[in-house]
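Please look over the sequence and the model shown here before reading on. The report is meant to be read with both at hand.

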Amino acid sequence: MADQTHIEWCDSTFNPWIGCTKVSPACDHCYAAVSTPARTCNIAWGAGQPRRRTSPANWKLPLRWNARPFLECPACHWRGEAKGAHWGGTGCPRCSGQPQPARRRVFCASLADVFDNEVDPQWRAALFALIQATPNLDWLLLTKRIGNAHQMIGESLIRIAGGTDLLPSWPWPNVWLGATIATQAEADRDIPKLLAVPAAVRFLSMEPLLGSVDMSGALLEAVPRSEWIGDPPATLQRREAPGTPLRRRLPGIDWVIVGGESGPNARPMHPDWARSLRDQCAAARVPFLFKQWGEWAPFERPRGFDWKHPGGDFATWDGEKFRPFYPNLHELVSMRRIGKKAAGRMLDGQEHSEFPA
Ligand code: SF4
């Protein structure tokens, strides 16, 4: 729907349809349900509510993107079209670097879910035909219904073949398949499902991150025993030991995105949850992108802070959950609501903006 986007991990967004049903704790404060397109088009969310296919003109956008050269500056990581308002054709519009050809990353269905079982299968087949017709774009299909992906991709390919023998082979090099994981329960349930689907790139979007997540159990379960390093306890111990390098990367996961929640009812993300995932990815040499803190940021106690009358929005971790206020606030991890922009995206003083090779 958008040539450009503020989402850090993609260049453009495309919505083939709008509408969805909440299926995960990560959906609790779904921004899409209250977004401008949903409100202006009067699209209701929920089971049994019709999804709205977007206009034919919108469906032509990816074809146009596919035809336009796209660049990235190796010096400052500016990304954009080779011909555009900010492009003079002589160098990077931001620095003195020389941009190089790159592939545009398209986040598909920010206002819906590609693998929603209430969507007309013909629409999904049309989407896959569009993806097939745009090989210069990398399509990021991020879903909260990863359990549907294998079957629905297969059905779509059969529809594209249209009863002929020309069944497209799979996986396609321009499809990155991602699953949203917000909690340990979702990791244990959905990472094996993601790993079971062939894909050029598989990624996890852990946003909003709602608890601590140890990925090793789910990943071990999904890996054939012949691929384990030593026996399972040794592998697990090695993963847990800080700073100990792994001899192999996390099997089948190519990228991990982590972020806190934004919006008026956002829940705080404990800094240790994000740190742990950063460290798990570093140990396994998996690219890690810390997208944002969200509404809440770690609270650094200023000198002379009045604990009896703190004012503002505070959340204190009591060991099990965040509370609005806790008497021993100064001894525990606290977060303060300061807004997404002010909270930023630095984790322990560092920006993490890694992408798959
Ligand atoms: S899957 Fe996405 S679009 Fe659908 S309800 Fe959940 S957050 Fe909203």
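What follows is a report on a predicted model, taken from the overall picture to single residues.

## Confidence and overall make-up

The protein chain has an average pLDDT of 87, and 86% of the residues score at least 70. Confidence is not even along the chain, however, since pLDDT stays under 50 over residues 225–249. For residues 225–249 the model has 24 contacts beyond four places in sequence, and with pLDDT under 50 there, those contacts should be read with that score in view.

In terms of secondary structure, the protein chain comes to 9 helices and 18 strands. Of its 357 residues, 34% are buried. Among the contacts in the protein chain with a separation of 6 or more, 74% are between residues 24 or more positions apart.

## The surroundings of the ligand

The residues around the ligand are Cys20, Lys22, Val23, Cys27, Cys30, Ala32, Ala33, Ala112, Asp113 and Lys144. By character, this shell divides into 7 nonpolar residues and 3 charged ones, with no polar residue in it. Under that division the cysteines, the alanines and Val23 count as nonpolar, while Lys22, Asp113 and Lys144 count as charged.

## An open sheet of four strands

Four strands, in the order E13-E16-E14-E15, form an open sheet whose pairing is antiparallel. E13 and strand E15 (322–323) stand at the edges with a single partner strand each, so that one side of each has no neighbour in the sheet.

Within this sheet, E14 and strand E16 (residues 334–337) run antiparallel and are joined by 3 bridges. Thr316 stands opposite Ser334, a residue of E16.

The loop between strand E13 (296–298) and strand E14 (314–317) holds Arg301. Is Arg301 buried or exposed? Arg301 counts as exposed because it has 11 C-beta neighbours inside 10 Å, where the cut-off for an exposed residue is 12 or fewer. Although Arg301 and His330 are 29 residues apart in sequence, their C-alpha atoms are 7.7 Å apart in space.

## Two cis peptide bonds

Trp170 and Pro171 are joined by a cis peptide bond, with omega about 10°, and Pro171 is found in the loop between helix H4 (146–161) and strand E9 (175–180).

A cis peptide bond also joins Glu207 and Pro208, and here omega is about 0°. The position of Pro208 is in the loop that runs between strand E10 (201–206) and helix H6 (216–222).

## Positive phi in residues other than glycine

His77 is a residue other than glycine with a positive phi, near 70°, and it is found in the loop between strand E4 (70–72) and strand E5 (79–81). Why does His77 count as partly exposed? His77 has 15 C-beta neighbours inside 10 Å, and this class takes in the residues that fall between the cut-off of 12 or fewer for exposed and that of 20 or more for buried.

Ala109, likewise not a glycine, has a positive phi near 80°, and its place is in the loop between strand E7 (104–108) and helix H3 (121–132). Ala109 is buried, because 23 other C-beta atoms lie within 10 Å, where 20 or more are needed for a residue to count as buried.

Terms used
Residues numbered from 1 in each chain as written. Predicted model: local features only at pLDDT ≥ 70, side-chain atom pairs only at ≥ 80, totals over all residues. Near = placed C-beta within 6 Å. pLDDT = per-residue confidence, 0-100. Contact = placed C-beta atoms within 7 Å. Helix = DSSP H or I, 4+ residues; strand = E, 2+ residues; numbered from the N terminus. Pairing = 2+ DSSP bridges.
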